[in-house]
Amino acid sequence: MTVPTHNPASPILTVKDLDLFYGAKQALKKINISMQRNQVTAFIGPSGCGKSTLLRCFNRMNDLIDNVRVEGSISFEDQEIYAASTDVITLRRRIGMVFQQSNPFPKSIYENIVYGLRIAGVNDKSLLDETVERSLRSAAIWDEVKDRLHDSALGLSGGQAQRICIARAIAVNPEIILMDEPCSALDPISTLKIEELIDELKRKYTIIIVTHNMQQAARVSDVTGFFYLGELIEAGPTRKIFTNPEKTQTEDYITGRFG
Ligand SMILES: Nc1ncnc2c1ncn2[C@@H]1O[C@H](COP(=O)(O)OP(=O)(O)OP(=O)(O)O)[C@@H](O)[C@H]1O
């Protein structure tokens with residue numbers, strides 16, 4: 001197998017002039033942004049401004065919604081995500097996703113983690129065992145579940161279930177992990193664990209997170225993009241966005257004047 005070589009300084013994802021329509025309604029307007037490897041990028045903004053819609057473009061989850069039309073370009077390294085030749089299954093393996101509500105499958109913890117590998121036809125027990133331990137350790141939940149790997153994942157707490165979903169995403173060796181409000185259903189302690197985990201995971205993965213929680217964006221991200229009514233108003237280093245934004249709308253939002 002040939003391993004592609006990449007210039008670590010070039011963006012892993014580049015969005016150019018992206019428009020997205022749900023039927024006649026335009027939800028994203030001329031979005032331009034790029035994401036760097038091993039960084040956490042946070043999307044913030046009031047409800048309905050298009051954050052989740054943009055996140056779902058990166059692994060073409062919007063393909064599952066009727067009447068969606070996308071114009072413009074998103075390149076993942078040198079591959080055009082919306083090209084007809086893009087294999088969506090491979091794309092979703094390389095760009096994994098964690099949702100707002102943890103969604104463990106009604107299977108054992110073990111089978112949740114190896115799900116993607118089994119679909120890919122992997123049945124080698126030692127490889128599966130190794131993947132389960134590596135993924136659960138990476139998701140900081142190995143110690144909590146190592147003695148109950150064959151119990152149902154449905155018996156876990158919300159915070160544990162969310163870390164199982166992160167472990168399941170990691171198990172197939174993605175390059176990017178998309179997180180759509182991963183902590184919004186969690187208590188503060190579970191939230192803290194996920195935030196610490198994000199900090200750890202970025203050594204290996206590129207992370208893009210949608211969050212309503214501005215403190216969370218400030219804590220976990222390197223770069224923040226502020227969206228309003230389908231437009232990316234401003235994106236830049238998180239510290240700058242939160243202390244010295246260029247645009248009045250950004251300042252109004254982060255200071256709580258609207259939203
Ligand atoms: N499946 C859909 N069909 C039609 N319109 C949609 C669909 N999903 C989202 N929209 C609309 O697109 C716009 C952007 O929605 P999106 O969910 O991306 O915003 P968001 O910023 O993530 O909001 P929130 O923070 O509330 O999750 C909204 O006006 C929403 O109503």
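Helix H4 (residues 125-138) has 14 residues, and at 1.5 Å a residue it should span 20 Å; its end C-alpha atoms are 20 Å apart, so the two values agree. The expected span is 1.5 Å times one less than the number of residues. Helices (H or I, at least four residues) and strands (E, at least two) are DSSP runs, numbered from the N terminus.

The structure is a predicted model, in which local features need pLDDT of at least 70, side-chain atom pairs count only at pLDDT 80 or more, and totals for chains, interfaces and linings use all residues. Residues are numbered from 1 along each chain as its sequence is written. The mean pLDDT (the predictor's confidence in each residue, from 0 to 100) of the protein chain is 94. In that chain, 97% of residues reach 70 or more. The model scores ipTM 0.96 and pTM 0.93.

Burial was assigned from C-beta atoms placed from the backbone: a residue is buried if 20 or more others lie within 10 Å of its own, exposed if 12 or fewer, and partly exposed in between. Thr131, Val132, Ser135 and Leu136 of H4 are buried. Seen down the axis of H4, these buried residues fall within an arc of 115 degrees, so they line one face of the helix. The arc is that of the directions from the helix axis to the C-beta atoms. An α-helix has 3.6 residues a turn, so residues three or four places apart point the same way. Ser126, Leu127 and Glu130 are exposed, on the face of H4 turned away from its buried side. The buried residues pack against helix H3 (109-119), helix H5 (142-145) and helix H6 (158-171). Contact here means C-beta atoms, placed from the backbone, within 7 Å. Alanine 140 follows H4 and has a positive phi, near 55 degrees.

Helix H7 (residues 188-201) also passes the length check: its 14 residues should span 20 Å at 1.5 Å a residue, and its end C-alpha atoms are 20 Å apart. Ile194, Leu197, Ile198 and Leu201 are buried in H7. Viewed down the axis of H7, they fall within an arc of 105 degrees, so they line one face of the helix. Pro188, Ile189 and Glu200 are exposed on the other side. The cover over the buried residues of H7 includes strand S3 (40-44), H6, strand S7 (176-180), strand S8 (206-210) and helix H8 (214-220).

The ligand has 14 residues around it. A residue counts as near if its C-beta atom, placed from the backbone, lies within 6 Å. Tyr22, Ala27, Ser47, Ser52 and Thr53 come nearest. Strand S2 (25-35) and helix H1 (51-58) each supply at least two residues of this shell. H1 gives the largest share, 3 residues. The shell holds 5 nonpolar, 7 polar and 2 charged residues. Nonpolar covers Ala, Val, Leu, Ile, Met, Phe, Trp, Tyr, Cys and Pro; charged covers Asp, Glu, Lys and Arg; the others, Gly among them, are polar.

Arginine 118 lies in helix H3. Arginine 118 is exposed, with 11 other C-beta atoms within 10 Å. Its C-alpha is 29 Å from that of threonine 53, and the two are 65 residues apart in sequence.

Two glutamates have positive phi values: glutamate 77, near 50 degrees, and glutamate 181, about 45 degrees. Glutamate 77 sits in the loop between strand S4 (68-76) and strand S5 (79-80), and is partly exposed, with 15 C-beta neighbours inside 10 Å. Glutamate 181 lies in the loop between S7 and H7. Glutamate 181 counts as buried, with 20 C-beta neighbours inside 10 Å.

Technical notes. Two residues are in contact if their C-beta atoms, placed from the backbone, lie within 7 Å.
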